[in-house]
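Student: I would like a close look at a single part of this protein. Please take one helix and its surroundings, and then place it in the rest of the chain.

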Amino acid sequence: MRQDLLSLVAARVLEMSATGDLSAVADPEALRQARALADSLAADDLPEVRVVLGWWHWLRHRGTGDPGEFRRAVELLVPCFLLEIDALPEPLLPAIAVAAAVPAVDLLRGAFDGADPQHLSAVIRLWRRITAAVPADGQEQILYQPLLSSALLERFLRAGDDADLDAALQASERALRAGAAHDRSDPRHLFDHAQLLLIRNRRSGRREDLNAAVAALGLAFSAGSPGDGWWDPCVTQLGGLLASQYEHFGDARALDQLIEVYARASAADPAGHRRGLLATALHHRFKRSGQPEDLAAAVRLGDPGPGFVPSDHADAERLAQWADILQTRFEEHGDPADLNASLDAHRRALRVPGPHPAHRHSGYANTLRLRYQQTGDLADLDESVAVHRQALDLAQRSSSGNDLPMFRSNLGLALVTRFERTAREEDLDEAVELHRQAASTGGREDVRRGLLHANLGGALMRRVELRTTADDDPGAADDDLGQAIEALRTAVAAAPPGHRDRGRYLVNLGSALLLRQRRAPEHALLAEAEERLREAVTCQPDGHPDRASVHLALGQVLRARFDREGGEPLRAEAVSAFVRAAENTSAALVLRIRAYEAASYLVAESAPGRAADLLEAAVRLLPHLAARQLGRDGQQDLLKEFRTLTAQAVALALTRPESGPAQALRLLETGRAVLLSQALDVRADLGALHERDPGLAGRYLELNDRLSRPRSPSAADPHRVAQELAETVAAIRRLDGFATFLEPPTLGELLAETAQGPIVAFTLSRTRGDALLLTSGGVRALPLPGLDATATLDKVTEFYGALHLTQTGTTLAERAAAQAAMNDVLAWLWRVAARPVLDALRLGPVTAGGAWPRIWWASGGILSLLPLHAAGVPGSETDAVLHRAVSSSIPTVRALRHARRPLPPGDGRHGALVVAMPTTPGGPDLEHAAAEAAAVAGHLPHAVVLTPRRASRAHP
């Protein structure tokens with residue numbers, strides 16, 4: 001019976017839908033049939049019956065305009081919508097979706113409470129249909145999109161499909177847009193949206209997600225109020241993220257925003273729990289900007305007051321923050337009392353019983369190690385090790401052992417520091433053992449498992465390198481290497497794909513496998529190293545600093561394969577990996593230079609021109625590597641590693657007959673005398689700048705002076721001073737006429753210095769020697785077959801050994817033999833260097849009464865240790881430099897250009913200082929020294945001449 005009714009009503013519905021004739025809705029028989037069919041739902045609720053009746057009432061609404069028919073149609077069709085039946089009247093879908101949202105919320109709660117993945121997926125499909133059915137720009141999206149987002153997030157958390165996380169973010173973004181369009185933005189939605197972004201950031205490491213999360217939290221914080229339940233967590237999270245952005249990326253704007261957040265939160269916190277956080281942020285900004293008011297505010301907010309006695313854990317933490325501020329004030333003013341007071345505050349904090357006393361001991365130990373770094377007092381470092389031992393002991397006796405691995409690691413780090421000072425191998429061995437214990441005590445569920453094993457692997461690798469350098473016990477080194485590889489495999493296993501540290505662990509493992517393959521060649525090891533490193537490449541986005549180290553390690557593995565197997569494709573891929581590492585501008589400069597070197601080495605034989613270009617790119621990084629804020633010792637330590645880089649680059653450049661000489665000169669001027677070039681920048685001619693902008697000129701001089709002072713704890717942050725100097729130079733270059741301020745001279749400007757005579761720049765490498773001849777006509781290269789770095793070093797050793805004997809020899813014969821040896825070196829220098837250059841320049845012996853030509857020698861490197869001006873055949877009146885030209889020595893052409901610049905006009909109060917030394921203790925007298933000094937002073941206005949007996953002012 002019901003089936004017949006269903007067929008009859010369905011036929012009428014289809015006919016009306018097809019013809020558009022709605023007269024049947026008023027037919028009494030049709031009404032009777034529809035009512036009878038509806039009555040049957042009480043006995044058996046079938047979806048197909050609801051679909052037909054829903055259409056019937058929808059058509060009656062269209063025919064009669066009765067809103068009751070509309071409501072009845074929606075009521076009938078909601079269950080069909082929930083069952084994912086699609087054959088529903090399209091104009092009714094928005095109303096059906098709104099009505100379906102109520103039961104859909106209950107279904108969503110049930111999906112959260114249950115564990116059925118199919119149920120959750122069905123609910124997600126339902127909410128997708130609901131959000132698709134309502135108007136895309138409707139207010140309903142403000143409520144419905146967050147519910148869809150929460151369902152997608154739940155499935156992501158269960159199954160880990162990144163597509164669900166992306167879809168959840170898209171739904172959240174649609175909700176935010178709808179809220180903005182209807183002026184109904186909910187700050188809670190912003191807070192929730194930030195949580196999604198942070199989840200994706202932790203999974204993928206995308207920096208843009210982190211930035212977007214900070215922005216969303218900032219908007220939520222600004223729009224919310226302390227009474228909102230989510231506001232305190234928002235403050236905590238936003239503060240932590242902003243602090244991290246400043247700490248890791250040096251983002252000054254993040255620090256400013258952090259201070260604003262904590263200032264508002266502190267104002268809403270009568271108990272003052274966040275005052276310490278605000279004080280910490282303020283003193284960080286002081287260390288960056290040097291503004292006294294920030295330090296004053298930090299002192300005011302962080303000072304617990306005279307006689308403060310901490311009574312609980314919160315008080316102890318506040319006291320520790322105060323200790324940090326005291327340390328900052330010590331660094332600013334250099335008063336040892338502040339540093340001692342900081343340590344005293346740490347000690348008083350340690351006396352407060354708290355839930356984590358081991359952490360307080362560790363903080364005190366770290367401060368002791370800091371004072372060791374400031375003063376070099378080994379007693380502080382020894383105490384630091386002892387206090388770290390106490391921290392570890394306290395942790396071992398506490399009820400919770402979860403932090404034991406990290407305390408063992410901290411002690412290990414202190415021991416390694418002491419090993420670096422004292423070379424006590426037992427400290428290093430104990431540190432390795434502590435790392436081993438830390439890795440073994442961390443359970444499989446410990447989130448630090450990967451880190452602990454990676455640290456163990458790194459420590460073992462360090463000991464392998466030390467033992468290899470010392471050529472000590474190769475069997476023990478092999479054992480350490482095997483354990484390092486095992487630990488690094490564990491670290492990789494503990495960091496599944498998507499883990500932020502997986503790439504770093506893969507690089508360490510790949511490097512360890514390559515080292516094992518070098519010690520015991522085995523193809524499988526090389527293949528695994530390559531596989532691991534290729535995966536590591538995919539773990540970081542392009543431009544990420546860590547990706548440079550990945551490409552460098554991959555290039556090393558591919559180079560090892562090329563050395564083993566040959567083949568141009570392997571070499572090309574290795575070069576490509578090295579170049580990608582070198583061109584990563586966010587990577588460390590040392591790493592980039594090494595990568596350029598590695599790439600150049602691989603193409604030097606097949607494409608020397610390209611190899612020269614690669615090394616030129618590396619040479620251009622040297623001035624940036626030796627940043628002035630590092631101090632002279634730090635600069636020299638870094639440059640020392642690359643002391644032959646420029647010579648190698650020049651040798652390759654000179655394989656190009658046309659462009660090679662100009663490129664070689666450019667390389668020499670960039671890579672030679674780097675620190676001298678910086679000194680010339682300090683002494684730049686500021687006369688025109690003083691006239692144009694006295695303020696900028698004074699600022700430039702002041703910052704240069706601050707960078708030139710010896711480093712001390714009381715000095716301002718040299719990195720900040722260097723940044724201010726760079727900003728000042730940029731401001732100067734923006735002035736009209738100063739665009740090239742401090743830029744290196746052009747080739748034309750360098751060649752202009754040959755107006756008074758030729759300039760000769762020598763370059764030596766392991767394989768060749770050359771002279772660059774600079775004349776008014778250009779620059780050309782002169783190969784010197786008998787001159788190279790090795791031969792020159794031998795001659796330097798021979799020359800200075802003989803020179804020493806001429807002064808210390810006990811017999812006349814011994815001294816004469818030494819003088820003869822020196823003459824032999826000077827004759828060699830004439831044959832291989834001086835004569836070929838003078839002949840090429842057509843500088844022959846000067847005839848009686850003839851004009852003496854001038855020549856400037858820029859020897860550089862080890863050749864500068866030999867007197868080129870004295871090169872010649874003993875006794876000859878023609879075969880000697882002294883008979884052919886007047887010589888001058890210069891470090892670079894740029895230095896000569898600087899020396900020749902006009903002197904600024906004097907003010908009558910300042911002049912040159914000329915010092916004469918007629919007598920030198922332990923040395924022979926120089927009887928003409930005083931006369932020579934007077935002659936020099938006669939050419940300098942307002943010169944002051946100093947001699948051992950008196951000082952006299954020369955004629956103005």
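Tutor: What follows is a walk along helix α20, then a look at other parts of the chain.

Keep in mind that this is a predicted model.

Start with the overall setting. The chain has 956 residues, and 44% of them count as buried. It holds 41 helices and 8 strands. Take the contacts with a separation of 6 or more: 60% of them join residues 24 or more positions apart. The exposed area of the chain is about 47400 Å², with 53% of it supplied by carbon and sulfur atoms.

Now the helix itself. α20 runs over residues 425-441, which makes 17 residues. From first C-alpha to last it reaches 24 Å. That is close to the 24 Å expected at 1.5 Å a residue.

Which residues of α20 are buried? They are Asp427, Leu428, Ala431, Val432, Leu434, His435, Ala438 and Ala439. Viewed down the axis of α20, these buried residues fall within an arc of 160°, so they line one face of the helix. The geometry behind such a pattern is simple. An α-helix has 3.6 residues a turn, so residues three or four places apart point the same way. On the other side of α20 sit Glu425 and Ser440, both exposed.

Look next at the salt bridges around the start of this helix. Arg424 forms one with Glu426, where the closest N and O atoms are 3.3 Å apart. Arg424 forms another with Asp427, where the closest N and O atoms are 3.9 Å apart.

How exposed are these three residues? Arg424 has 33% relative accessibility, so it counts as partly exposed. Glu426 counts as partly exposed too, because its relative accessibility is 46%. Asp427 has 2% relative accessibility, and therefore counts as buried. Arg424 thus pairs with a partly exposed partner, Glu426, and with a buried one, Asp427.

The structure holds 48 salt bridges. For another example, go to helix α35, residues 694-708. There Glu702 forms a salt bridge with Arg699, and the closest N and O atoms are 3.2 Å apart. Glu702 and Arg699 are 3 residues apart in α35, so about one helical turn separates them. Glu702 is partly exposed, with a relative accessible area of 38%. Arg699 is partly exposed as well, at 28%. Back at α20, salt bridges that share partners join Asp382, Arg418, Arg424, Glu426 and Asp427 into one network.

Further along the chain comes α21, residues 449-469. It has 21 residues and reaches 30 Å from first C-alpha to last, close to the 30 Å expected at 1.5 Å a residue. Its buried residues include Arg449, His453 and Arg463. Among the others are Leu452, Leu456, Leu460, Met461 and Val464.

Helix α26, residues 568-582, can be read in the same manner. It has 15 residues and reaches 21 Å, close to the 21 Å expected at 1.5 Å a residue. Buried residues of α26 include Leu570, Arg571, Val575, Phe578 and Val579.

Next, two helix residues and their partners in space. Met822 is found in helix α39, residues 812-840. It counts as buried because its relative accessibility is 9%. Setting aside residues up to four places away in sequence, Met822 touches Phe799, Ala802, Leu803 and Thr806. Met822 and Phe799 are 23 residues apart in sequence, yet their C-alpha atoms are 5.3 Å apart.

Leu219 lies in helix α10, residues 207-223. It is exposed, with a relative accessible area of 52%. The C-alpha atoms of Leu219 and Leu190 are separated by 7.2 Å, and the two residues are 29 apart along the chain.

Finish at the surface. Leu913, Val915 and Met917 make a nonpolar patch of about 290 Å². Met917 sits in the loop between β6 (913-915) and α41 (929-937). At 40% relative accessibility, Met917 counts as partly exposed.

To return to your helix: α20 has its buried residues along one face, and exposed Glu425 and Ser440 on the other side. Asp427 is among those buried residues, and it also belongs to the salt-bridge network with Asp382, Arg418, Arg424 and Glu426.

Notes:
Residues numbered from 1 in each chain as written. Predicted model: local features only at pLDDT ≥ 70, side-chain atom pairs only at ≥ 80, totals over all residues. Heavy atoms only, no water. Patch = residues over 30% accessible without salt bridge, like charges linked within 9 Å, V, L, I, M, F, W, Y side chains within 5 Å. Areas by Shrake-Rupley, 256 points an atom, 1.4 Å probe, with all protein chains shown as cover. Salt bridge = Lys/Arg side-chain N within 4 Å of Asp/Glu carboxyl O. Helix = DSSP H or I, 4+ residues; strand = E, 2+ residues; numbered from the N terminus. Buried < 20%, exposed > 50% of the residue type's maximum accessible area, 1.4 Å probe, protein only. Expected span 1.5 Å × (residues − 1). Arc of directions from axis to C-beta. Contact = heavy atoms within 4.5 Å.
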